[in-house]
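Trainee: I'd like to walk through this one with you before I head back to the bench. Can we take it in small steps?

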Amino acid sequence: MGFVFGWLPTEHYVRDIFLLTLSAAIAATLMSIRFYLRITAGRCFTETKMEGKTVIITGANSGIGKETAKDLAGRGARIIMACRNLETANAVKDEIVKETNNNKIVVKKLDLGSQKSVREFAADIVKTESKIDVLIHNAGMALAFRGQTSEDGVELTMATNHYGPFLLTHLLIDLLKRSAPARIVIVASELYRLSSVNLNKLNPVGSFPAAYLYYVSKFANIYFARELAKRLEGTRVTVNFLHPGMIDSGIWRNVPFPLNLPMMAITKGFFKTTKAGAQTTIYLATSDEVANVNGKYFMDCKEATLNAAALDEEKGRKIWEESLKIAKITPQDPKI
């Protein structure tokens, strides 16, 4: 029969109420998580002006790099947008100039996955610029399953996210020292905690899945930043690095269909906006609070802790030495 006594709920009624209650609880939990993530996201409140400062930002044509460029341009800085896609970069440049009334925005070609491009960019900067006040290593890429190899025979994610910035820093270090006090800001990621750096496979061509190498490259960024900071002590060039948060940005565009569908739902619902994600980068580039801070990790505009593996100085030194070889640093190149 479809019912029992009128005052007792049927089996279907109980099931429907349970499912409705469960759905409401899940929705409430998700909304609470979203609200918590929004209100705990750090914000850079410093009003420091940047007139007379020259800032290089890699990957400034999209995502948090674009928001960083826009903010610093609004503070009066001269921005060098170091980008692979010049068409997009020039369109963003026009947008920034229009919004900030700052026409001191320069676009230059830089493909961090190509050592030739990195060297050409650095040579141009050294030739044409009298100083660099802030170098922001922002550009990054993530592949999904199939990896790619750069023209230099280096796994492309590692080439772009680690070896390119490593080489660029070496080539610009003398100019940075002459510009002191200067800052180097490196965008890393908390996703490093999901990986480890294999000293026997620092050029992981053919590794699967390629997405994992994004985590590895972010761990390499941390080792690089800590070792670099140690080597630059006393030069008045500081190095700090950060986790921007999980960002709704173009870096996830390589996730294939149909996996991109739930990824889109997650990013739109729970990840930070690019403007929110840029706040810690802006803080480290501008704040007087960190003018003399060196070798520290930040999250939401506050110093954060690293796991024990990231504090392994001997491993950091070994990665540095091997990176010199993979990035093809020559005896004629500047030394750090």
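**Salt bridges first**

Mentor: Let's start with a contact between charged groups: Glu321 and Arg231 form a salt bridge through their side chains, with N to O at 3.5 Å. Keep in mind that this is a predicted model.

Trainee: How many residues apart in sequence are the parts that Glu321 and Arg231 tie together?

Mentor: Look at where the partners sit. Glu321 belongs to helix 10 and Arg231 to helix 6, so the pair ties together parts whose separation in sequence is 90 residues.

Trainee: Which residues are linked with Arg231 and Glu321 in a network of salt bridges?

Mentor: The structure holds 18 salt bridges, and the Glu321 and Arg231 pair is one you've already met. Besides those two, the network takes in Arg226, Glu227, Lys230 and Glu313.

Trainee: Is Lys108, the salt-bridge partner of Asp124, buried or exposed?

Mentor: The closest N and O atoms of Asp124 and Lys108 are 2.6 Å apart. Asp124 is in helix 4 and Lys108 in strand 3, so this pair ties together parts 16 residues apart in sequence. Asp124 has 26% relative accessibility and therefore counts as partly exposed. Lys108 comes in at 15% relative accessibility, which makes it buried.

Trainee: What about Lys218: which side chain of opposite charge is nearest?

Mentor: Lys218 is found in helix 6. Its contacts beyond four places away in sequence are Asn161, Val187, Ala188, Ser189 and Tyr192. Lys218 is buried yet has no salt bridge, and at 12 Å the nearest side chain of opposite charge is Glu155.

**The sheet**

Trainee: Which strands are at the edges of the sheet?

Mentor: Eight strands form an open sheet with mixed pairing, in the order 3-2-1-4-5-6-7-8. An edge strand pairs on one side only, and that describes strand 3 (105-109) and strand 8 (302-303).

Trainee: Which residue of strand 8 stands opposite Phe298?

Mentor: Strand 7 (residues 297-299) runs antiparallel to strand 8, and two bridges join them. Within strand 8, the residue opposite Phe298 is Glu303.

Trainee: How many of the residues of strand 1 are buried?

Mentor: In a regular strand, side chains alternate between the two faces of the sheet. Here both faces are covered: Thr54, Ile56 and Thr58 are buried on one side, Val55 and Ile57 on the other. So strand 1 is mostly covered, with its buried count at five of five.

Trainee: And which residue in strand 2 is opposite Ile57?

Mentor: Strand 1 and strand 2 run parallel and are joined by five bridges. Opposite Ile57, strand 2 places Met81.

**The core**

Trainee: Which helix gives the largest share of the largest nonpolar core?

Mentor: That core has 55 residues, and Ile56, Leu172 and Ile184 have the most contacts inside it. The elements that give two or more residues include helix 4 (115-128), helix 5 (156-178) and helix 6 (211-231). With eleven residues, the largest share comes from helix 5.

Trainee: What does Ile56 touch in helix 4 (115-128)?

Mentor: Leaving aside residues up to four places away in sequence, Ile56 touches Ile80, Ala82, Ile132, Val134, Leu135, Ile136 and Leu172, among others. Helix 4 covers 115-128. The contacts of Ile56 with numbers in that range are Phe121 and Ile125.

Trainee: How many residues are in the second, separate core?

Mentor: Its members include Met50, Val107, Ile282 and Tyr283. The residue count for this second core is 30.

Key
Residues numbered from 1 in each chain as written. Predicted model: local features only at pLDDT ≥ 70, side-chain atom pairs only at ≥ 80, totals over all residues. Heavy atoms only, no water. Core = buried A, V, L, I, M, F, W, Y, C linked by side-chain atoms within 4.5 Å. Buried < 20%, exposed > 50% of the residue type's maximum accessible area, 1.4 Å probe, protein only. Helix = DSSP H or I, 4+ residues; strand = E, 2+ residues; numbered from the N terminus. Contact = heavy atoms within 4.5 Å. Lys, Arg positive; Asp, Glu negative; His and termini not counted. Salt bridge = Lys/Arg side-chain N within 4 Å of Asp/Glu carboxyl O. Pairing = 2+ DSSP bridges.
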